[in-house]
Amino acid sequence: MMVRRLNAALEEVLREDPRVVILGEDIADPYGGAFKVTRGLSSAVPERVLTTPVSEGAIVGLAAGLAMSGYRPIVEVMFADFLTLAFDQVVNHITKYPAMYDRKVTCPVIIRSPSGGHRGYGPTHSQSPEKHFLGVPNLLVVASSPYHDPLVTYRALLRRDDPVLFVEHKLLYAEPVVAPEDGRIGEALGREESSTGYLPTVGISWVPPEDCTVTVVAYGYSALLAARVLERLAIDEEIFGELLVPAQIAPMDLAPIEASLSRTQSLLTIEEGVTGWSWGTEIAQQMARRQFGRLRRPIDVLASASAVIPSSRELEQRVLVGAPEMRSRIREAAR
Amino acid sequence: MSEHSTIRPSGFVPAASVNALRRPVAHHEPASSEGRRVDPRLMGRPDEAKDERLYRRMRFIRRFEERLLGLFEEGLLNGTTHACIGQEADCVGVIGLLRPGDHIFSNHRCHGHYLAWTGDALGLLAEIMGKSAGVCSGIGGSQHLCAEGFKSNGVLGGTVPAAAGIALAMKLSKSGGISTAFIGDGTFGEGVLYETLNIASLWRLPLLIVVENNGYAQSTPIASNLAGDMTARLEAFGIGVSHLDSTDVREIEAEGMKLVSAIRESSAPRALVIDTYRLCHHSKSDDNRPEKEIAERWQQEPLGIQAARLSDTDRLRIDHEVETAIDEVVETARALPA
């Protein structure tokens, strides 16, 4: 289960790297964090797992000071909705220090934060606000993924010096993590592709990629939903798509998308964040520029409605991207 | 390749890195960044009488700032700059108490702090002139400086938690260092300050907050900016505060010494609130304070107070040495390639 894998990954990096310090609200035992990702850590390494007051701006700022002093802070922001309270630190401090001081310092802060809806938490505890962080110069935005081993991801991030925002969709916590093995993910074909400097992208398909007629790009929980939809479409309707799931959503490794698109000639992007000015529109722009003459149809971008996320489960479903829209849009894009 | 793949430290050990902090302790003698030579005409020789050294360093900062404003008039500089004319005693009095392994986080008005810590006039001037020989290669400019044990940023508030984080690193690594944050009265409007004061006190971080209260946040007088009492706000977090209404560098140094010693002994934050006055504009040509008020404050300016402790001969000698050294810095900086 994702929550246990994340928990184990954090414990592993805490133990193997004495520079790692974990900070966040309510993260200490016995509570162990609002989503239990940090359960047991404060008991295992008490001096480097610090539960903090409710002060997102300050704790992310503290992490900046730690990072510039040679530590590797990992900060939990309890809900991604609260990331706005630390936005100044990310935009005007953490991502600027190394560049504006001409590389005299590094500021490798990792901020991890549970994101996303589908649980009826309502307007301020359900958002996927990572879109507001995409394109911040020098910031890596990473999304937890059902197809990426979190320990591998954390080790890769700790080898680099970039500031990182790591969003963890809440609905993935209870899902298994299955990385590709011997060319397969369960019943599907699965493989990792990566370009230098990027975390790998996982490609999944139910027939060989050459036989797919649409490329679907999605991350986080949307990737899991898209995989389920694509599997049904393959079995029930013989519609075959190739799903690409990046862990690193900004800056994007565009090479796997371009390679897939050159085969399928059709692209659909899916994200849970609100529509417009989004992750998908950026990919669409990049791919339109690179593949314009070879596209079979316009690139399609699927995102949630530009609206607050209602608490009512029924109303929430009308706002957030879900399996039914994915199904119809993939069908359309696969033609 | 990702653009991120190019972001690699060039073998630089972060200023307050865990090991760098375990260094022996001595009265602060500036070791300028990147091996730049520190000019004793600007910073004084180790054997110089303390009153002379304090005056010399303030004179250095004053004349640097005045020359800088002159270069602006000449059109040689771009953007803006925030001079600290009138506040030199804070820079020199407090920073002289710090030692290698300590850290200073400054703000938009950072030239005096930087010069008092590093003595690096050429690196700073080249930086403000946008030249590649500048301390941050011309990228940071006036408000964004970095040297061993020193950083500044031009956004108010957010530097304070970073300074507290550096203090936390010092505490975790048991380095014995002190992290100092220079803020002004304007920063008391920023919420993250209070979040940080709470954590710094709660976790007993070796943090020194120096408040340079010059009475104006840009153009707005403190009476229109601040409810209640600045000292009481700090004390409300259980932080020991010393409050001085002074432009006397000796007085500031003596009070600062008590706080620095207390922090080193107890590993708990302290604050020094210094009521001072900015004798120049906020940035450039944006001063609408009453002329009479400014004229009165010139009667208490810090160099005058300290000069009274020196003989005329010594004062004139120091003035001359500082002037000659700054002339050379300006000429060298002018001749540097872009």
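**Reading a buried histidine and a chain interface**

Trainee: Which residues does B:H111 touch, not counting residues up to four places away in sequence?

Mentor: In this predicted model, B:H111 touches B:E65, B:L68, B:T81, B:H82, B:L124, B:I128 and B:S142. As for its own place, B:H111 belongs to helix α4 of chain B, which covers residues 111-118.

Trainee: Is B:H111 buried or exposed?

Mentor: One compares the relative accessible area with a cut-off: under 20% counts as buried. For B:H111 the value is 0%, so this residue is buried.

Trainee: Which side chains make polar contacts with the side chain of B:H111?

Mentor: The side chain of B:E65 is one partner, at 2.8 Å. The side chain of B:T81 is another, at 3.5 Å.

Trainee: Turning to the two chains, how many residues does each give to the contact?

Mentor: Chain A gives 43 residues and chain B gives 47. Between them the chains bury about 3,600 Å², with 66% of this area on carbon and sulfur atoms. On the side of chain A, the residues that lose the most area to chain B are A:L62, A:Y101 and A:K104, together 19% of what that side buries.

Trainee: How many salt bridges and polar pairs cross the interface?

Mentor: The rule finds zero salt bridges between chain A and chain B. Polar contact, by comparison, joins eleven residue pairs, both residues being at pLDDT 80 or more.

Trainee: Which element supplies the largest share of the side of chain A that touches chain B?

Mentor: That element is α3(A), with nine residues. By kind, the residues of this side divide into 19 nonpolar, 15 polar and nine charged.

Key
Residues numbered from 1 in each chain as written. Chains lettered and ligands numbered in written order. Predicted model: local features only at pLDDT ≥ 70, side-chain atom pairs only at ≥ 80, totals over all residues. Heavy atoms only, no water. Helix = DSSP H or I, 4+ residues; strand = E, 2+ residues; numbered from the N terminus. Buried < 20%, exposed > 50% of the residue type's maximum accessible area, 1.4 Å probe, protein only. Polar contact = N/O pair within 3.5 Å; in protein donor to acceptor, adjacent residues only side chain to side chain. Contact = heavy atoms within 4.5 Å. Buried area = accessible area lost by both parts, 1.4 Å probe. Salt bridge = Lys/Arg side-chain N within 4 Å of Asp/Glu carboxyl O. Nonpolar A, V, L, I, M, F, W, Y, C, P; charged D, E, K, R; others polar.
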